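Please load the model in your viewer and keep the selection panel open, since each stop of this tour begins with something to select.

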Amino acid sequence: MADSAAAFAPPACPAPDAGGTGYTAGGPGPSVLGDVIRERGQRSVFCGLTGIIWLHRKIQDAFFLIVGSRTCAHLMQSAAGVMIFAEPRFGTAILEERDLAGLADANDELDREVARLLERRPDIRLLFLVGSCPSEVIKLDLDRAAQRLSAAHAGRTRVLSYSGSGLDTTFTQGEDACLAALVPGLPAEAADAPPSLLVVGTLADVVEDQFARLFDALEIGPVRFLPARGADAMPAVGPNTRMLMAQPFLGETARLLERRGCALLRAPFPLGEEGTTLWLKAAADAFGVDPARFDAVTAPGRARARAALSRHTKILAGKRLTFLPDSQLEPPLARFLSRELDMTLVEVATPYVHRSLLAADLALLPEGTRLVEGQDLEPQLDRVRDTRPDLVVCGLGLANPLEAQGITTKWAIELVFTPIQGYDQAGDLAELFARPLTRSALLKV
Ligand code: SF4
């Protein structure tokens, strides 16, 4: 096993493609379940390792050690290349041929790599062992390794594990798996603790601070965020915790938090003026905030968001939009773009529909919206070619081929890397969709 934490890398693993190996339960082709069309076939997605790019920025004393191949290392180092100039907080313990062939004891080598890493980096308080396709293929038990290493380094570094494998995930599931790994170790809230609010999902620090100020002005509290910015500041949870989801792709994390007694507050996600208001309102209602106070506290933000959005309406209104399945943010984004910017939804495809988390957003989609769960790549691309939307939101691997056919695209992954939640980001979010349309209009002149 070799440590690649600081190595330079050639171009990224091209959109790791679960095609062929993607789930095909029930056979390929669409089936209609309620109002959602389910497709099972070839997929084109990035794997869950990608989540490390935003998670390592958030938990500032954590380290993500991928136990994987050179392909995994290349993907990560290319996607987050700027880190090679800094002290990286992720790296890859590379499984060599000897490990893969069973000629070396991968557990012994992993223990040695972790010991070397922690000796070099005493600042690491939380270490995630991140599983990959190769570690899963050789059935390396990273849960057990994490328990063993946690005991070995007790008192200074906690070790957890989760899977970022591309075999059965889409890229935002990496965050779900990471946060789900944190939940069992969260401290228990005292039985007589006052009600607390837990915001679940990684938000940029600037967005988190804005929301903290709004909750403070609404006199909602204590408010905690998962993940916290430091390993020792992870929130306590219990039956008095009300949880508000900040990201729609955290189904497993939400399930585990509910098992710890937390109560889910149902709301649309905080995208745009309407989404942010309804999201804050769900918390305000749960904490008995007076409606007049709510209106007074949120009015300035609502006005700023509306003014920022109006600058993009001229470009976006009436434009036809298709989402291909990638980030799992597709339903709330579709709700925002159709209701606040008058865009026309041709198709909204998303990798998974977490019905309980998305219920409020789905209820606000225009009637008759074509909502697709999963992917069958070729028929989906045929529909794009037939319907010729003005804009297609898709993964990196599909953007260039579609652009080559004269179809304007937006990379879905940008929507996860960019601060987009809250009133003060509503204009930036709209601009992310307006920019490619403006660029292609200029190119056509
Ligand atoms: S985890 Fe799998 S899909 Fe992701 S980079 Fe590694 S080999 Fe590729």
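**Helix 2 and its cover**

Begin by selecting helix 2, where Thr-71, Cys-72, Ala-73, Leu-75, Met-76, Gln-77 and Ala-79 are buried. This helix, residues 70-79, is mostly covered, with seven of its ten residues buried. Add helix 1 (52-58), strand 4 (62-68) and strand 5 (90-94) to the selection, as these are included in what covers the buried residues of helix 2.

**The whole chain**

Before going further, zoom out and keep in mind that this is a predicted model. The protein chain holds 17 helices and 16 strands, and buried residues make up 49% of its 445 residues. Among the contacts between residues at least 6 apart in sequence, 75% join residues at least 24 apart.

Colour by pLDDT next: the chain averages 89, and 89% of the residues score at least 70. Then select residues 4-28, over which pLDDT stays under 50, although the model has 57 contacts beyond four places in sequence for this stretch. Where pLDDT is low, the predicted coordinates should not be read in detail.

**The largest nonpolar core**

Which residues have the most contacts inside the largest nonpolar core? Select Phe-64, Leu-65, Val-67, Phe-128, Leu-129, Val-130 and Val-200, which hold that place in a core of 121 residues. In soluble globular proteins, nonpolar side chains tend to be buried together. Centre on Leu-65 and, leaving aside its neighbours within four places in sequence, show its contacts, which are Gly-91, Ala-93, Leu-117, Leu-127, Phe-128, Leu-129 and Val-130.

**Helix 7 and helix 9**

Move on to helix 7, which is largely enclosed by the rest of the structure, because ten of its ten residues are buried. The buried set includes the charged residues Glu-175 and Asp-176, alongside others such as Cys-178, Leu-179 and Leu-182. To see what covers helix 7, display among other elements helix 1, strand 6 (126-131), strand 7 (158-163), strand 9 and helix 9.

Now keep helix 7 (residues 173-182) and helix 9 (residues 251-259) on screen, whose axes are 7 Å apart and meet at an angle of about 20°. An angle under 35 degrees counts as roughly parallel, and the two helices are therefore roughly parallel to each other. On the side of helix 7, the contact is made by Asp-176, Leu-179 and Ala-180, while helix 9 contributes Gly-251, Glu-252, Thr-253 and Leu-256. By type, the residues of this contact divide into three nonpolar, two polar and two charged.

**Beyond helix 9: Cys-262**

Follow the chain to Cys-262, in the loop between helix 9 and strand 11 (263-265). Cys-262 is buried, with 24 other C-beta atoms within 10 Å. A distance monitor from its C-alpha atom to that of Leu-198, 64 residues apart from it in sequence, should give 8.7 Å. Apart from neighbours within four places in sequence, Cys-262 is in contact with Leu-198, Val-237, Thr-241, Met-243 and Leu-257.

**Backbone details to inspect**

Most residues other than glycine have a negative phi, and most peptide bonds are trans. With that background, select the loop between helix 8 (205-217) and strand 9 (223-226), where Pro-222 lies. A cis peptide bond joins Gly-221 to Pro-222, with omega about 0°. The loop between helix 8 and strand 9 also holds Glu-219, a residue other than glycine whose phi is positive, near 60°. Glu-219 is partly exposed, with 13 other C-beta atoms within 10 Å.

Step along to Pro-227, in the loop between strand 9 and strand 10 (241-245); the peptide bond from Leu-226 to Pro-227 is cis, with omega near 5°. Then jump to Arg-388, in the loop between helix 14 (377-387) and strand 15 (391-394), which has a positive phi of about 45° although it is not a glycine. Arg-388 counts as partly exposed, with 13 C-beta neighbours inside 10 Å.

**Last stop: Leu-309**

Finish in helix 11 (residues 291-316), where Leu-309 is found. Is Leu-309 buried or exposed? With 21 C-beta neighbours inside 10 Å, Leu-309 counts as buried, the cut-off being 20 or more. The C-alpha atoms of Leu-309 and Glu-273, 36 residues apart along the chain, are separated by 8.6 Å. Show Glu-273, Glu-340, Leu-341, Ala-426, Gly-427 and Ala-430 to complete the view, as these are the contacts of Leu-309 once neighbours within four places in sequence are left aside.

Notes. Residues numbered from 1 in each chain as written. Predicted model: local features only at pLDDT ≥ 70, side-chain atom pairs only at ≥ 80, totals over all residues. Axes fitted to C-alpha atoms, helices over the stretch in contact; angles between N-to-C directions. Helix = DSSP H or I, 4+ residues; strand = E, 2+ residues; numbered from the N terminus. Parallel < 35°, antiparallel > 145°, perpendicular 65-115°, else oblique. Contact = placed C-beta atoms within 7 Å. Buried ≥ 20, exposed ≤ 12 C-beta atoms within 10 Å, placed from the backbone. Core = buried A, V, L, I, M, F, W, Y, C linked by C-beta atoms within 7 Å. pLDDT = per-residue confidence, 0-100.
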